[in-house]
Amino acid sequence: KGKCPEDGWDESTIELFLHELAIMDSNNFLGNCGVGEREGRVVSGLVARRHYRLIHGIGRSGDISAVQPKAAGSSLLNKLTNSVVLDVIKLAGVRTVTTCFVVPMATGMSLTLCFLTLRHKRPKAKYIIWPRIDQKSCFKSMITAGFEPVVIENVLEGDELRTDLEAVEAKIKALGAENILCVHSTTSCFAPRVPDRLEELAVICANYDIPHIVNNAYGVQSSKCMHLIQQGARVGRIDAFVQSLDKNFMVPVGGAIIAGFNESFIQEISKMYPGRASASPSLDVLITLLSLGTSGYKKLLKERKEMFSYLSSELKKLADNHNERLLDTPHNPISLAMSLKNLDETNDAAVTQLGSMLFTRQVSGARVVPCGSVQTVNNYTFKGFMSHANDYPCAYLNAASAIGIKKQDVDVFLKRLDKCLKTLRKEAKQEKSINEISDSNTATEQLE
């Protein structure tokens, strides 16, 4: 049926299935005689076993989704993977999605592929409207495709950074709709930035007949992000949305899913990919979803949501204990931010020092964001880089509840963070005392 099984398969069943697919490829035929330049020859047995002897990759030179006659097993693997992944995207909340395909590139290059496909539809266009998110790969994806990003600064609402819809519409009018390739929006992001106002952006795109590409990097794991995409497509226009395989399905880095609501456009994107492609990302995600089944994946989504609530409540308690606060970002369903205002005021270097202290204590994924850092990316200068705004009111620390996180991860993180903050506070007091003594001695000397 081309759907993800409800109950996961055991490993031996999955391996039997993959071996059955592999013997359908010509390089594994007993009497095969190959006289071409690409015959699926692999010299290392270890490499052959690692890929279950599915060596031919996917697609043909002109279309990544095309069936390769001498690789019937690999082609079937590709078709089944795309079908199973589509089923899971619907399960995760985008019920009206019509088609998708796995592409062996990470999210940034997959976005570039989408932009390059749109170039043929809009030959005059040279601008991409991009509500700012301080993440390099999505910015570079536009530059690599040869377009000029038009950065729309976010607006501060309480603690949250939200889409400036008026600025988006004003920029469309100023540049002219025909000169704009698309609007490039984002769902999953680091707090205090929250997902873009997708419904409103989708309506603007429909009104001005401008394509809309959504960077949904790690949004499949969030029912809220998927709901935004579903609603955006219902009330307006979303041409494609792109998500990472590793972040959403816990497989090695190297693959993404390009999905959409117009089958012909998604097919155009797949035909834009030059040459054949590695089957590795498709193989990884198919094995993972067959082992989990829909019940296993639903369980992971449920656990992630529960861990988000736990992380939020515990991080708030820790923040209160250190005279800081958990920033109020109710529209962000994955990432949290805790202010570091007192730390920042105590010592300029203390905020970045906290980041290095956490890293050396094996806390990965937590981001410490100081105020006022400036960074240039591809000749574009961003003030306040990493904070998604020129002048965010305070320094802060990020932590996320992503799929696969365990209670032990949260508890260990909070324990180490608490210890680091206490150490920094103690050092700050000692430094203050030394400075006070030094000032007192200087004053005495002046009097004498």
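**Close-up 1. What lines the largest pocket of this predicted model.** Start with the mix of residues: the lining divides into 22 nonpolar, 12 polar and 4 charged. The space they surround comes to about 890 Å³. There are 38 lining residues, and the ones closest to the centre of the pocket are F190, S364, G365, A400 and A402. Which elements give two or more residues to this lining? They are α4 (107-121), α5 (136-144), α9 (245-249), β14 and α14 (407-447). Helix α14 gives the most, with 5 residues.

**Close-up 2. An open sheet built from β10, β14 and β11.** Here 3 strands sit in the order β10-β14-β11, and their pairing is antiparallel. Why is one side of β10 and of β11 left without a neighbour in the sheet? Strands β10 (335-339) and β11 (367-369) stand at the edges, and each has a single partner strand, so there's nothing in the sheet on the other side. Going from one strand to the next, the twist averages 25°. As a rule, side chains in a regular strand alternate between the two faces of the sheet.

**Close-up 3. Zooming in on where β11 meets β14.** These two strands run antiparallel and are joined by 3 bridges, with β14 covering residues 396-400. To find one of these pairings, look for V369: its bridge partner in β14 is Y396. Helix α13 (residues 350-360) packs on the sheet here, touching both β11 and β14. The direction of α13 makes about 170° with that of β11.

**Close-up 4. Helix α11 lying across the sheet strands β10 and β14.** This helix takes in residues 280-321. What angle does α11 make with β10? The helix runs at about 0° to that strand.

**Close-up 5. The hairpin of β12 and β13.** Strand β12 (residues 374-377) pairs with strand β13 (residues 380-383) in the antiparallel sense, over 4 bridges. Q375, for instance, has F382 as its bridge partner in β13. Between the strands come 2 residues, and this hairpin is also where you'll find N378 with a positive phi near 50°.

**Close-up 6. R38 and the residues it touches.** R38 is covered by the annotation "binding site" in an unreviewed UniProt entry. Where does R38 lie? Look in the loop between α1 (11-22) and α2 (45-50). Leaving aside residues up to four places away in sequence, R38 touches H56, Q68, K70 and R276.

Note on methods. Residues numbered from 1 in each chain as written. Predicted model: local features only at pLDDT ≥ 70, side-chain atom pairs only at ≥ 80, totals over all residues. Heavy atoms only, no water. UniProt positions renumbered as here; feature names shortened; annotations may be inferred. Contact = heavy atoms within 4.5 Å. Pairing = 2+ DSSP bridges. Axes fitted to C-alpha atoms, helices over the stretch in contact; angles between N-to-C directions. 1 Å grid on protein atoms, 1.4 Å probe; cavity = no way out; pocket = protein on both sides within 12 Å on 5 of 7 lines; lining within 4 Å. Points joined across faces, edges and corners; volume = space filled by probe spheres on them. Nonpolar A, V, L, I, M, F, W, Y, C, P; charged D, E, K, R; others polar.
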